[in-house]
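Colleague: Could you take me through the part of this structure where the small molecules sit? I'd like a close look at what surrounds them, and I'm new to this, so plain words please.

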Amino acid sequence: MLLLPFFDDSDENLNLMSVFTPITEAQLHEFLFRYSLGQLISFSGIEAGTDNSNFFVTTTQGEYVLTLFENLTDRELPFFLNLGDHLKARNCKIAQPMHDKAGDALQVLADKPAVLFEKLAGRHVVVPSQDHCSQMGRAMGEFHTAVQELSIERRNPFGLNWLMAHRQYQHWMETEDHELFNKTLDQLEQLNDMDLPTGIIHADLFHDNALFKDDHLSGVIDWYFACNDYLLLDLAIMINDWCRHGLTFDQNRIDAMIHSYQSKRRLTADERRAMVLMRKLAVCRFWLSRTLAWNDLKDRQLEQVTVKSPNEMKALLKIL
Ligand SMILES: Nc1ncnc2c1ncn2[C@@H]1O[C@H](COP(=O)(O)OP(=O)(O)O)[C@@H](O)[C@H]1O
Ligand SMILES: N[C@@H](CCOP(=O)(O)O)C(=O)O
């Protein structure tokens, strides 16, 4: 049995440096020859992040973020790049993938798939306000409207079926947690009987995945969990993360987020009925993924990763 430390403040996550693949100035200099973006001035590794190696890159023409993909492959990446191009063409607030002189966004650098993105201004907010939540609701409504024109597809690897499959594999949970998890899965089965709209969702829009400059949203990053699933799941993930202080939800922030979302896409009657269930689905998804990540970290004694607290999600489930 694995006992996980209890954290009630998400700032206390295991947070270590996350540049997995280093690059040299010479490599980057040569890489930039492919683009019409000027000469390299400077670059530096970004310490935040869990999955990829990211670098800020400054050239004589602008500022960019270079991502080397540590897990996603050449075969998987076109989905995310097509999505990025489409959303940018619809004026959605995201970081544009930069295309080289031949029109390609996907490259190879240091033997890893690599993409250069527009650098968005600002930072993520630490304590989201009602106005931040309102801006996020509107942005999400715009994303969900824009993706309806797009026919690409990706199954959600962390959706309801994935959760249900883990009913059998709970040696990593204490008995009390196991009961809470299973009881919630029983409730979630009701989602299969509801007629809920689906489409491409971000699927990970926590407040560290949106950048604000002077309290205005400059854009949403980290689209690598994007997939086809319930549209409502995106709103549920955002409400659970953006609209609370610690373990206390703020109804004003929730109302502001839903209201501005609905200015772009109205929720159906079934979606309004399913909201609490969907928020539980969102919590279980991150409880399980964080727990698996913690176990993996312990088993492999990884040192260069950032893993968020699973127990924060368990505590949230108890108050929903
Ligand atoms: N396009 C961008 N513009 C500005 N900053 C970015 C951009 N993309 C990533 N970042 C910065 O890099 C950090 C890590 O990026 P993220 O996509 O979360 O990495 P990972 O995929 O490894 O989790 C973010 O918290 C943000 O500070
Ligand atoms: N948002 C997820 C973890 C994924 O990390 P990210 O840095 O890729 O957003 C969680 O909260 O567990």
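Modeller: Let's start with Asp222: an N or O atom in its side chain is 2.7 Å from an oxygen atom of ligand 2. That's a polar contact (a pair of N or O atoms within 3.5 Å; within protein, one must be able to donate a hydrogen and the other to accept it, and residues adjacent in sequence count only if both atoms are side-chain atoms). Keep in mind that this is a predicted model, where local features need pLDDT of at least 70, side-chain atom pairs need 80 or more, and totals for chains, interfaces and linings use all residues. Residues are numbered from 1 along each chain as written, chains are lettered from A and ligands numbered from 1 in written order, and side-chain values use heavy atoms, leaving out hydrogens and water.

Back to ligand 2, where Arg290 puts a polar side-chain atom 2.6 Å from one of the ligand's oxygen atoms. Lys308 joins in too, with an N or O atom of its side chain 3.4 Å from an oxygen atom of ligand 2. On its own, ligand 2 would expose 330 Å², and the protein buries 89% of that (areas by the Shrake-Rupley method, 1.4 Å probe).

Who else is there? Besides Asp222, Arg290 and Lys308, the surroundings of ligand 2 include Thr50, Asp51, Asp204, Phe206, Asn209, Phe225 and Phe286 (a residue is near if one of its heavy atoms lies within 4 Å). Sorted by type, the shell around ligand 2 has 5 charged, 3 nonpolar and 2 polar residues (Asp, Glu, Lys and Arg are charged; Ala, Val, Leu, Ile, Met, Phe, Trp, Tyr, Cys and Pro nonpolar; the others, Gly among them, polar).

Thr50 and Asp51 also lead us next door, as both are listed around ligand 2 and both turn up among the residues that come nearest to ligand 1. Ligand 1 has 17 residues around it, and Asn52, Glu118 and Leu120 belong to that nearest group too. Here Asp51 works through its backbone: one of its polar atoms there is 2.9 Å from an oxygen atom of ligand 1. Asn54 uses its side chain instead, placing a polar atom 3.2 Å from an oxygen of ligand 1. With Leu120 we're back to the backbone, where a polar atom is 2.8 Å from a nitrogen atom of ligand 1. Ligand 1 taken alone exposes 550 Å², of which the protein buries 89%. Its shell splits into 8 nonpolar, 5 polar and 4 charged residues.

So if you rotate the view, try picking out Asp222, Arg290 and Lys308 around ligand 2, then move over to Asp51 and Leu120 beside ligand 1.
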